[in-house]
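Dear colleague,

I am passing on the structure we spoke about, and below it I have set out what I found when going through it. Please read the notes with the coordinates open beside you.

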Amino acid sequence: MRVYVPLSLPGLAEAYKTGELGSGPFVAYAVTPGLREWYASDDIEELEYAALGRAALASLRLLAAEPGAPRRRVVIAVDVADRAASADGREAPGEVRVAGPVPLGKAASVHVDARDAEADVTAAAEALPAADGGDDDAQSVVDGAEDHELLWFATQEIANLVGHGD
């Protein structure tokens, strides 16, 4: 099963240092029955893109809780055994728990905001509490971060993304 793991750049650096994602059960996003119902599509590529988008929103939530982290959303796509990821139906659409840890070597790709998204991502992270409270203007600011497509990186580029490249 392909899962999308939300991180921040410091979280990606830690995964690079340890060689694995998560230390125990951790949240990721995948194409689940709940996501299929929520997104209402049968196209697997659209569903995977929706799961990636859910993980990007979760990454934004991580950034809101990590004030010192660079304001760029990070999502790692990783393949895990079907039995390693579970959803009990009470989670947000697409949310799964991965038994963890997962070797970073199982990652298929990394998705990161471009630097030019930082201002919008910063504003979105600051607006999250108000958006969660139902403020439509704040929700519009959060949605503004979603206007930025995450860039695709090969796993060999992780060292450069976290500042350990040559």
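A salt bridge is taken here as a side-chain nitrogen of Lys or Arg within 4 Å of a carboxyl oxygen of Asp or Glu, and that cut-off matters for the residue I begin with. Please keep in mind throughout that this is a predicted model.

The residue in question is Arg72, which sits in the loop between helix 3 (44–65) and strand 4 (74–79). Arg72 is buried and yet has no salt bridge, since the nearest side chain of opposite charge, that of Glu118, is 4.2 Å away, and a salt bridge has to fall within 4 Å. What the side chain of Arg72 does have is a polar atom lying 2.8 Å from the backbone oxygen of Asp113. Once neighbours within four places in sequence are set aside, the contacts of Arg72 are Leu9, Leu63, Val112, Asp113, Ala114, Arg115, Glu118 and Val121.

Asp113 comes up again when one turns to the salt bridges, of which a search of the whole structure finds 4. In one of them the side chains of Arg73 and Asp113 meet, with N and O 2.7 Å apart. This pair links distant parts of the chain, Arg73 being in the loop between helix 3 and strand 4 and Asp113 in the loop between strand 8 (107–112) and helix 4, 40 residues apart. Arg73 counts as buried because its relative accessibility is 4%, and Asp113, with a relative accessible area of 0%, is buried as well.

A second salt bridge joins the side chains of Asp79 and Arg2, at 2.8 Å from N to O. Here too distant parts of the chain are linked, with Asp79 in strand 4 and Arg2 in strand 1 (residues 2–7), 77 residues apart. Asp79 counts as partly exposed at 33% relative accessibility, and Arg2 is likewise partly exposed, with a relative accessible area of 30%.

Arg61 forms a salt bridge with Asp132, and their closest N and O atoms are 2.8 Å apart. Arg61 lies in helix 3 and Asp132 in helix 4, so this pair ties together parts that are 71 residues apart in sequence. At 38% relative accessibility, Arg61 is counted as partly exposed.

Helix 4 also has a helical partner to consider. The axes of helix 4 (residues 118–132) and helix 5 (residues 136–146) come within 7 Å and cross at roughly 145°, and the crossing in which helix 4 passes helix 5 is left-handed. On the side of helix 4 the contact is made by Asp120, Val121, Ala123, Ala124, Ala127, Leu128, Ala130 and Ala131, and on the side of helix 5 by Ala138, Gln139, Val141, Val142, Gly144 and Ala145. Val121, in this list, is also one of the contacts of Arg72.

His111 is found in strand 8 and counts as buried at 9% relative accessibility. Its side chain makes a polar contact of 2.9 Å with the side chain of Ser109. Neighbours within four places in sequence aside, His111 is in contact with Leu52, Arg73, Val74, Val75, Ala77, Leu150, Leu151 and Trp152, so that Arg73, already described for its salt bridge with Asp113, appears here among the contacts of a buried histidine.

Two further buried residues may be worth looking at together. Leu7, in strand 1, is buried with a relative accessible area of 13%, and beyond residues up to four places away in sequence Leu7 touches Leu12, Leu21, Ser59, Leu62, Val74 and Ile76. Val162, in the segment after helix 6 (158–161), is buried with a relative accessible area of 16%, and with neighbours within four places left aside Val162 is in contact with Leu9, Leu12, Ala13 and Tyr16. Leu12 is thus listed for Leu7 and again for Val162.

Lastly, Ala99 lies in the loop between strand 6 (95–98) and strand 7 (102–103) and counts as partly exposed at 47% relative accessibility. Apart from residues up to four places away in sequence, Ala99 touches Gly24, Pro25 and Ala84.

With best regards

Definitions and conventions: Residues are numbered from 1 along each chain as its sequence is written. This is a predicted model: local features need pLDDT of at least 70, side-chain atom pairs count only at pLDDT 80 or more; totals for chains, interfaces and linings use all residues. Side-chain values use heavy atoms; hydrogens and water are left out. Helices (H or I, at least four residues) and strands (E, at least two) are DSSP runs, numbered from the N terminus. Buried means under 20% relative accessible area, exposed over 50%, partly exposed in between (1.4 Å probe, protein chains only). Lys and Arg count as positive and Asp and Glu as negative; His and the chain ends are not counted. A polar contact is a pair of N or O atoms within 3.5 Å; within protein, one must be able to donate a hydrogen and the other to accept it, and residues adjacent in sequence count only if both atoms are side-chain atoms. Contact means heavy atoms within 4.5 Å. Axes are lines fitted to C-alpha atoms, for helices over the stretch in contact, and angles run from 0 to 180 degrees between N-to-C directions. A crossing is left-handed if the near helix is turned anticlockwise from the far one by less than a right angle, and right-handed if clockwise.
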